[in-house]
Amino acid sequence: MELVILSGKGGTGKTTIATALSELAKDAMRVDCDVDAPNFYLYYQGQDVERKDFIGSKKAFIDKSKCVKCGICKEICRFDAIDIKKDQYFVDSFSCEGCGLCTIACNFKAISMQDEKTADVYITKIEKGLLSRAQMEIGADGSGKLITELRENAKRYNKENKLTIIDGSPGIGCPVISSITGSNAALIVTEPSKSGLEDLKRVYSLCKHFKIMTFVCINKYDINIEVANDIEEFANNNNITIVGKIPFDEKVMESINNLKPITEYEESRANKAIREMWEILKSKIN
């Protein structure tokens, strides 16, 4: 069973809830698919048991011994990735999109496409299980291919078919699509604001397209009861189950600053609401 935690934008409390649910599930497999801004692992002290390079793209490379400096490659590059310095042509790897047009245009076979490492991929052993995660190279872009790699790594280590909790990327882009494809259920974390409602609609449309069982959690619902009611109305009209309404709680900020799951704060109102939500979620996904 794979449960992916989503949100329309960053800052809604997605990772806070993903961490809390992972703690309540106890022996769950954790996957941090928010590769552009990974922070799931920050809540855990662990040891990496596996690390490997992830080759996510190809970049053009100019062999100076074959280059005759005709300049055709520079002329046809739409991304201005080829430049000249000290009478030598070179490729700016940050600008190169790996389209390969320059390799076709070069009559002297001086340009080739070479693999580029875009991330380090890890399996980290923590006190309560395993975490599949990645660390991007500087300037690299998150991709659906990398997300798929992280999920496949988790499946290799999850031989007992434990619950897998995925901390997904915000938005509706390629990483999100790769996070939900093949998952069993999605929990969309939203907040009571006009933009939060519109973001919820977009993410729900994506989940609906892929026929993913979808639930909604309204975080900090009591800071704007009017919009929270609008979210509930949207959910009811679309037969979406709202499994949790979490109140604003300053203990959440304290837990983030201390890098501790909110479930460790017994007096926390948010903790209580998340525990109640987990009991509802368990009954639904089981």
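In helix H4, the buried residues are Gly 144, Leu 146, Ile 147, Leu 150, Arg 151, Asn 153 and Ala 154. That is a good place to start a tour of this predicted model. The length of H4 can be checked with simple arithmetic: at 1.5 Å a residue, its 14 residues should span 20 Å, and the end C-alpha atoms are indeed 20 Å apart, so the two values agree.

## The whole chain

Let us step back for a moment. The protein chain holds nine helices and 11 strands. Its C-alpha atoms fill a box of roughly 70 × 40 × 35 Å, taken along the principal axes. Of its 286 residues, 48% are buried. The chain exposes about 14,600 Å², and carbon and sulfur atoms supply 48% of that area. Among the contacts with a separation of 6 or more, 75% are between residues 24 or more positions apart.

## Around helix H4

Just after H4 comes a loop that leads to strand E8 (164-170), and Asn 158 is found there. Is Asn 158 buried or exposed? Its relative accessibility is 10%, so Asn 158 counts as buried. Leaving aside neighbours within four places in sequence, Asn 158 is in contact with Met 29 and Thr 164.

Met 29 turns up again in the surroundings of Ile 123, a residue of strand E6 (residues 111-126). With a relative accessible area of 0%, Ile 123 is buried. Which residues does Ile 123 contact, apart from those within four places in sequence? They are Met 29, Gln 47, Asp 48, Val 49, Glu 50, Leu 130, Leu 131, Ser 132, Asn 153 and Tyr 157. One of these, Asn 153, is among the buried residues of H4. You can also look at the C-alpha atoms of Ile 123 and Ala 134: these residues are 11 apart along the chain, and the atoms are separated by 8.7 Å.

Asp 48 links this region to Arg 133, since a polar contact of 3.2 Å joins the side chains of Arg 133 and Asp 48. Arg 133 sits in strand E7 (residues 129-136). Its relative accessibility is 9%, so Arg 133 counts as buried. Not counting residues up to four places away in sequence, Arg 133 touches Asp 32, Tyr 41, Asp 48, Asp 120, Val 121, Tyr 122, Thr 124 and Leu 150. Leu 150 is another of the buried residues of H4.

## Two nonpolar cores

The largest nonpolar core has 36 residues, and Leu 6, Val 35, Leu 146, Leu 200 and Cys 207 touch the most other members. Helix H6 (residues 194-209) gives the largest share of this core, with six residues. Apart from this core lies another one, of 31 residues, including Ile 5, Ile 126, Val 243 and Ala 270. What does Cys 207 touch, not counting residues up to four places away in sequence? The list is Leu 6, Ile 180, Ala 186, Ile 188, Ile 212 and Thr 214.

## Helix H9 and its two faces

Ala 270 brings us to helix H9, where the buried residues are Ala 270, Asn 271, Ala 273, Ile 274, Met 277, Trp 278, Leu 281 and Ile 285. They cover an arc of only 155° around the axis, which puts them on the same side of H9. The face turned away from this buried side carries the exposed residues Lys 272 and Ser 283. Strand E1 (2-7), helix H1 (14-25), strand E9 (185-190), strand E10 (213-219), strand E11 (241-246) and helix H8 (250-257) are included in what covers the buried residues of H9.

At its N-terminal end, H9 is capped by Ser 268: a side-chain oxygen lies 3.2 Å from the backbone nitrogen of Ala 270. Its 17 residues (269-285) should span 24 Å at 1.5 Å a residue; the end C-alpha atoms are 24 Å apart, which agrees.

## Two residues with a positive phi

Most residues other than glycine have a negative phi. Lys 220 has a positive value, near 55°, and Leu 259 has a positive phi of about 50°. The table gives their places and accessibility.

| Residue | Loop between | Relative accessible area |
|---|---|---|
| Lys 220 | E10 and helix H7 (225-237) | 22%, partly exposed |
| Leu 259 | H8 and H9 | 38%, partly exposed |

Notes: Residues numbered from 1 in each chain as written. Predicted model: local features only at pLDDT ≥ 70, side-chain atom pairs only at ≥ 80, totals over all residues. Heavy atoms only, no water. Helix = DSSP H or I, 4+ residues; strand = E, 2+ residues; numbered from the N terminus. Expected span 1.5 Å × (residues − 1). Buried < 20%, exposed > 50% of the residue type's maximum accessible area, 1.4 Å probe, protein only. Arc of directions from axis to C-beta. Contact = heavy atoms within 4.5 Å. Polar contact = N/O pair within 3.5 Å; in protein donor to acceptor, adjacent residues only side chain to side chain. Areas by Shrake-Rupley, 256 points an atom, 1.4 Å probe, with all protein chains shown as cover. Core = buried A, V, L, I, M, F, W, Y, C linked by side-chain atoms within 4.5 Å.
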